[in-house]
Amino acid sequence: MLKEKRTQQVHEVAGPHLRPDEQVQLASYASVGAVSVKRRVATAAATAVASGGLLAVSVRPRRRYIAMTQDRLLFFNGDTPSGKPGRSVLMDIPRQSTTVADVKKGFLTLTVQLAVEGQDMGLKLIFPRPTRDDGEKLAAEIPAAPQPA
């Protein structure tokens with residue numbers, strides 16, 4: 001779970017973006033997206049060549065704060081210098097067009113794979129240990145994707 005201070009900050013940032021009848025039901029954070037192995041290798045190689053092997057760079061999914069309402073999932077920047085949520089909405093996904101394709105529990109993380117109607121690629125949410133329970137709540141509130149026959 002998020003600390004109370006961060007939860008309050010997510011509520012404050014989400015407030016101006018909410019519709020009159022909307023309320024934040026869950027405030028959390030997760031690493032969002034997926035970085036391909038090909039991109040990781042290319043970035044590491046380019047950095048190593050450019051710096052003569054002195055610098056190593058790692059590419060990772062971006063940390064995002066999530067505000068889940070009864071109607072939408074709102075994503076805010078979590079990679080700010082202060083750690084506070086960014087003010088602008090990075091993604092706004094209607095819940096009715098979202099399903100849970102897969103949930104995997106790791107030793108330290110919970111990975112929730114969302115399928116978004118009309119999108120070729122899904123959205124991968126990796127909840128770290130402090131917010132694993134939030135990830136389970138999010139996955140429980142969104143319907144499961146139909147399984148292929």
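Seven strands (DSSP runs of E, at least two residues, numbered from the N terminus) make up an open sheet in this predicted model, in the order β4-β3-β2-β1-β7-β6-β5 and with antiparallel pairing. Two strands count as paired if DSSP finds at least two bridges between them. β4 (89-94) and β5 (98-105) each have a single partner strand and stand at the edges, so one side of each has no neighbour in the sheet. From one strand to the next, the twist averages 30 degrees; axes are lines fitted to C-alpha atoms, for helices over the stretch in contact, and angles run from 0 to 180 degrees between N-to-C directions.

Within the sheet, β2 (residues 62-69) pairs with β3 (residues 72-77) in the antiparallel sense over five bridges. Ile66 has Phe75 in β3 as its bridge partner. Helix α3 (residues 132-141) lies across β1 (24-32), β2, β3, β5, β6 (109-116) and β7 (123-128), and runs at about 30 degrees to β6. Helices are DSSP runs of H or I with at least four residues.

Another helix, α1 (residues 4-14), holds Thr7. Thr7 has a relative accessible area of 17% and is therefore buried (under 20%; exposed is over 50%, partly exposed in between, with a 1.4 Å probe and protein chains only). Leaving aside residues up to four places away in sequence, Thr7 touches Leu2 and Ala27, contact meaning heavy atoms within 4.5 Å. Thr7 and Ile66 lie 59 residues apart in sequence and 10.0 Å apart in space, C-alpha to C-alpha.

Residues are numbered from 1 along each chain as its sequence is written, and side-chain values use heavy atoms, without hydrogens and water. Local features need pLDDT of at least 70 and side-chain atom pairs count only at pLDDT 80 or more, while totals for chains, interfaces and linings use all residues.
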